[in-house]
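Reader: Please take me slowly through one part of this structure, the small sheet built around a hairpin, and then set that part beside the rest of the chain. I would like each term explained where you use it.

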Amino acid sequence: MTGITRETWEQRARAWQIQGQAFINGQYQNAVGGETFDCLSPIDGRVLAQIASCGQSDADLAVANARATFDSGVWSRLAPTQRKQVLIRFAELIEQHGEELALLETLDMGKPISDALAVDIPGAARAIRWSGEAIDKIYDEVAATAHDELGLVTREPVGVVAAIVPWNFPLLMACWKLGPALATGNSVVLKPSEKSPLTAIRLAQIALEAGLPAGVLNVLPGFGHTVGKALALHMDVDTLVFTGSTRVAKQLMIYAGESNMKRVWLEAGGKSPNIVFADAPDLDAAAQAAAGAIAFNQGEVCTAGSRLLVEASIKDAFVEKVAAALKAHWQPGNPLDPNTTVGALVDTSQIDTVLRYIEAGHEDGARLVSGGQRVLEETGGFYVEPTLFDGVRNDMRIAREEIFGPVLSVLSFKDFDEAIAIANDTIYGLAAAVWTRDLSKAHRAAKALRAGSVWVNQYDGGDMTAPFGGFKQSGNGRDKSLHAFDKYTELKATWIKL
Ligand code: NAD
């Protein structure tokens with residue numbers, strides 16, 4: 001906590017001239033076509049800024065600059081130690097501008113300012129710093145050859161990377177891509193979500209100040225069907241990295257096939273099971289975590305624990321505990337108030353989606369335990385109460401489809417096998433959690449769960465040292481850790497006759 005009050009944050013926000021232009025080759029500029037769109041704050045619905053609405057011409061310009069910069073070697077051929085120094089400086093500047101970036105993020109997408117300060121900004125800086133620090137500690141390989149040959153197995157940057165990111169953790173998701181992409185020497189064109197472009201636009205200038213050469217990081221705000229599609233179909237983009245919905249992820253694979261077969265790496269949706277066995281070590285802690293798993297970031301989290309699977313013998317008592325935790329700790333409020341834990345949903349269409357799913361829960365016969373209403377409408381903002389449904393079956397819409405809002409479905413199970421069967425009965429495979437004091441049961445569950453991350457006796461663990469990504473339709477490839485570097489490099493075998 002910074003001790004900054006809501007009034008001070010509001011004053012700072014009012015005094016601000018927010019930058020909304022595209023950033024190409026080290027310069028802010030309007031979209032080539034001159035078009036703009038309104039950037040609305042979900043806190044109160046007011047217009048924050050006019051944002052450049054980029055399209056095909058901007059994509060062409062940014063990719064051409066990224067290509068020229070890459071070919072010049074000004075970044076791509078810099079010694080890893082030097083790239084490291086720039087990235088560490090970049091991370092430091094993100095931290096120095098932390099309050100400004102946190103305020104932009106909160107104004108733009110409605111998350112609590114306390115979370116932006118505690119989670120998004122430090123996480124973004126760490127992603128950049130960790131990748132920078134790693135890059136001069138990685139070695140290539142020498143193959144096992146005959147005596148008169150030398151086989152070198154080396155990694156090279158792919159070239160021009162297009163990164164398309166979502167609005168739920170705008171800066172953090174961008175930095176999960178930028179860290180390894182820049183560390184390995186690529187040039188990047190970043191397209192933030194049209195719902196949350198502000199921190200990405202600001203970040204480009206900060207990177208330049210840190211010493212990243214002009215043209216290495218370009219930022220194109222705009223819509224998915226315009227500039228996003230133009231980048232995905234571009235013949236001179238080598239690799240496309242994406243975080244967003246499974247629906248768009250599938251479309252991007254088609255675009256790659258229709259164009260230049262660019263590499264496509266996808267971090268997509270989830271419907272993660274949180275399994276509580278009767279022998280959980282601390283049921284109160286498990287209930288608190290289950291509440292946080294659906295209410296943190298307004299439930300707009302790819303790994304949200306949106307299916308709570310509880311062993312039948314403790315189910316009713318456990319649901320009461322979760323309801324109490326939601327009531328006590330997770331009620332919506334103004335995101336600029338430092339005590340707020342649940343902010344505003346990102347926009348009206350997200351509110352509509354969440355309310356439609358709450359309706360679907362009723363229609364399909366689930367029992368509403370708490371929440372279920374839009375609230376604080378008088379503010380002009382977009383707030384929904386965290387909502388708890390009991391008596392959910394895994395074939396109901398609220399159990400099958402990603403809602404991306406604070407709606408929790410409780411299902412019960414009789415035994416281990418049934419828990420795992422329900423947990424894995426989904427098209428997604430991003431994350432799962434299991435609560436038990438039985439070490440063997442925890443390991444058996446972790447092996448059986450088809451998910452990229454499994455948490456035991458906690459929800460949402462991990463950091464830059466561990467890979468993050470999904471099985472099944474939650475995506476391919478991994479962000480974070482050294483495994484992320486695979487996405488941004490090509491392997492080359494050089495075979496020398498001595
Ligand atoms: P989205 O798929 O609607 O949009 C993501 C990005 O893709 C945006 O920048 C958007 O403009 C762009 N886009 C949309 N259509 C496009 C097209 N035809 N061509 C090119 N680009 C296009 O997702 P969202 O609503 O911004 O984010 C929510 C989704 O993100 C959820 O499904 C969530 O699970 C997922 N997510 C996944 C992870 C992860 O690491 N797996 C992390 C965060 C969010």
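Author: Strands, which are DSSP runs of E at least two residues long, and helices, which are runs of H or I at least four residues long, are numbered here from the N terminus, and two strands are said to pair if DSSP finds at least two bridges between them. The model is a predicted one, in which local features need pLDDT of at least 70 and side-chain atom pairs count only at pLDDT 80 or more, while totals for chains, interfaces and linings use all residues. Residues are numbered from 1 along each chain as its sequence is written, and side-chain values use heavy atoms, with hydrogens and water left out.

The part you ask about is an open sheet of three strands, in the order β5-β6-β23, with antiparallel pairing. Because β5 and β23 stand at its edges with a single partner strand each, one side of each has no neighbour in the sheet. In general, the strands of a sheet pair through backbone hydrogen bonds, either parallel or antiparallel.

A hairpin of six residues leads from β5 to β6. Strand β5 covers residues 141-142 and strand β6 residues 149-157, and two bridges hold them in the antiparallel sense; across this pairing, Val142 faces Leu152 in β6. On the β23 side, β6 is joined to residues 489-497 by nine bridges, again antiparallel. Leu152 also has a place opposite Thr494 in β23, and Arg155 has Leu491 of β23 as its bridge partner.

Along the chain, strand β7 (residues 160-164) is mostly covered, with five of its five residues buried, where buried means under 20% relative accessible area, exposed means over 50% and partly exposed lies in between, with a 1.4 Å probe and protein chains only. In a regular strand the side chains alternate between the two faces of the sheet. In β7, Val160, Ala162 and Ile164 point one way while Val161 and Ala163 point the other, and all of them are buried. Strand β8 (residues 187-191) runs parallel to β7 and is joined to it by five bridges, with Ala162 and Val189 as bridge partners.

Val165 leads us to the ligand, since it is among the residues that come nearest, together with Glu194, Ser245, Ala268 and Glu402, out of 28 around the ligand; a residue counts as near if one of its heavy atoms lies within 4 Å. A polar backbone atom of Val165 is 2.8 Å from an oxygen atom of the ligand, which falls under the polar contacts, pairs of N or O atoms within 3.5 Å. A backbone N or O atom of Gly224 lies 3.3 Å from a ligand nitrogen atom, and one of Gly244 lies 3.3 Å from a ligand oxygen atom. On its own the ligand has 850 Å² of accessible area, and the protein covers 91% of that, as computed by the Shrake-Rupley method with a 1.4 Å probe.

The unreviewed UniProt entry gives Glu267 the annotation "active site"; such annotations may be inferred rather than shown by experiment, and their positions follow the numbering used here. Glu267 belongs to strand β11 (residues 263-267), and because its relative accessibility is 4%, Glu267 counts as buried. The same entry type, again unreviewed, lists residues 35-493 as "domain: Aldehyde dehydrogenase". That span is 40% helix and 20% strand, and its end C-alpha atoms lie 46 Å apart.

For contrast with your small sheet, an open sheet of seven strands has the order β14-β17-β18-β13-β12-β20-β21, with mixed pairing. Here β14 (367-370) and β21 (453-456) are at the edges, each with a single partner strand, so one side of each is left without a neighbour. Neighbouring strands of this sheet are turned by 25 degrees against each other on average, direction ignored, the axes being lines fitted to C-alpha atoms and angles in general running from 0 to 180 degrees between N-to-C directions. Within it, β17 (residues 387-390) and β18 (residues 407-413) pair in the parallel sense over three bridges, and Phe389 stands opposite Ser409 in β18.

Technical notes: A polar contact is a pair of N or O atoms within 3.5 Å; within protein, one must be able to donate a hydrogen and the other to accept it, and residues adjacent in sequence count only if both atoms are side-chain atoms.
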